[in-house]
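Trainee: I have a model open and would like to learn how to read its core, a helix and its cysteines. Could you walk me through them?

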Amino acid sequence: MGWLGLDDTDTLAGGCTTLVFHQLLEHLPSYVSIRETRLVRLWPFAKKRTRGNAAMAAELVLLNEQSNVITDVKQLESATNSLLEHLDNWWAEHIAPLEGAVEQSTHNDRPQVPTEPGMVWFNDQPDETFYRMAVSENVVLSQAPVADKSWGSHGIIGATAATSWAAQSHTWEAIAWRDDCSSTVRDICERTLSVIDSWQGTFMSRDSRKGRSLIAPRGNCPILFGVRARDKKTANNAAKKLLESEATQQSSGMRIFMTNQATDDHLNELFSGKVISTKVLSRGHVILQIESNAAEVIEGEEVSTEQSTWMAFAQSGDIKNLAQWLQTGDLIKGKGLLADDGALHLEKLKLVEASERNKRRPPCEKCGRTVKSQGKNNKLRCPACKNLQENIWIYNPQNPPHRGWVQPPSDHRRHLARPLKWDQ
């Protein structure tokens, strides 16, 4: 038994690590059994991330001539050496030639870098510590545990992270590929997709606001679709139903992967604080300056006097709407990733307590007229009946656009983001 990982063969020109890994698994020797295949999304801010920022892994079992799992130490060593020799040849012929592929991006904030494929083999699954680092922060190759056998360079990082994922929380994705990648258009039966989207076990299949599919990439990569579900059976049934539809184009193959999508594994910390200031930019983005010394009144969290910047982007929908409503003194909580400049890019936001907003003097307790001030520390006086009463203000807080946690709409949500409705 062992673990095989692969990463960094993607380019905008059409490369696809999922397909490369699928083909590798399809051509394994007959004495190798595939126990589990994985698709693991990693830190979204990685400078050399691939298009989908996903790495692949599989747990493999070696069998004897009777198709039983090999337990004899010498037989296992011999079979492992044979497998590694096969992987050496496959790497040299099919994966190593992919190195250096690059395609320029139209996104100015997303410079493309040449592919640097990496593949690893571990006799035993590595500790999950490295996965936890790779999904939430920047890591370098020297931080990765040393594999029993490795090929390539930078892609070893993602490949190792995928093999070390313990999958305590997981979902599933059934991916189908196409032969003809000459067009960016994919023919997928919309009627069938609508049916699948209504199934309880599927998620992020279709954007109901815009009436469009969320399961197909828009580029010229080989993926026809990737349908996501909370269990393996639903993922399999959904993919088969789509492929059986006459309106869906021909597929060259399909495989189901266990994934860390919709797990929130990348969000390790809950941030909280008091709004110091807000700034709404021309495109609708919101910059929040936060002071975290309000923590003592937010469910007993530790007091701190640090200040930080939180960013709510225009595409984040309800997060942006709530952020634009906030004002100085509001107590809030947020979840997100810290960018290179230290700003928190919000993926979830919650108003804990609104600050005092509009205020007015109370009505007279006797006649109902609005009372007037007689100066600081003096009682209020009714201008009509001259009644005196306590010097107080009545506050009229404006209703926030949302109560409770909010997150971006499905088409602008990270693959790793867990839907809020799952926790309700």
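Mentor: Gladly. Keep in mind that this is a predicted model. Let's begin with one residue: setting aside neighbours within four places in sequence, Phe-225 touches Ala-174, Ile-175, Ala-176, Ile-188, Ile-215, Ala-216, Ala-239, Leu-242 and Leu-243.

Trainee: Which residues have the most contacts inside the largest nonpolar core?

Mentor: They are Leu-42, Phe-225, Val-227 and Leu-242, in a core of 33 residues. Elements giving two or more residues to this core include helix H5 (190-197), strand S9 (223-229) and helix H6 (232-244). Apart from it lies another core, of 32 residues, with Leu-39, Leu-62, Trp-151 and Cys-221 among them.

Trainee: Now a helix. How far apart are the end C-alpha atoms of H2?

Mentor: A helix rises 1.5 Å a residue, so the 23 residues of H2 (residues 73-95) should span 33 Å; the end C-alpha atoms are 31 Å apart, which agrees. At the start of H2, a side-chain oxygen of Asp-72 comes within 3.2 Å of the backbone nitrogen of Lys-74.

Trainee: Which residues of H2 are buried?

Mentor: Ala-79, Thr-80, Leu-83, Leu-84, Leu-87, Trp-90, Trp-91 and Ile-95. Their cover includes helix H1 (17-26) and strands S1 (2-7) and S2 (32-41).

Trainee: And how many disulfides are there in the whole structure?

Mentor: The search finds 0. A disulfide needs two cysteine sulfurs within 2.5 Å. The closest cysteine sulfur to that of Cys-364 is in Cys-385, 3.6 Å away, so it is too far for a bond.

Trainee: Is Cys-364 buried or exposed?

Mentor: Cys-364 is buried, at 6% relative accessibility. Cys-189 is buried too, with a relative accessible area of 11%.

How values were computed. Residues numbered from 1 in each chain as written. Predicted model: local features only at pLDDT ≥ 70, side-chain atom pairs only at ≥ 80, totals over all residues. Heavy atoms only, no water. Buried < 20%, exposed > 50% of the residue type's maximum accessible area, 1.4 Å probe, protein only. Helix = DSSP H or I, 4+ residues; strand = E, 2+ residues; numbered from the N terminus. Expected span 1.5 Å × (residues − 1). Contact = heavy atoms within 4.5 Å. Polar contact = N/O pair within 3.5 Å; in protein donor to acceptor, adjacent residues only side chain to side chain. Core = buried A, V, L, I, M, F, W, Y, C linked by side-chain atoms within 4.5 Å.
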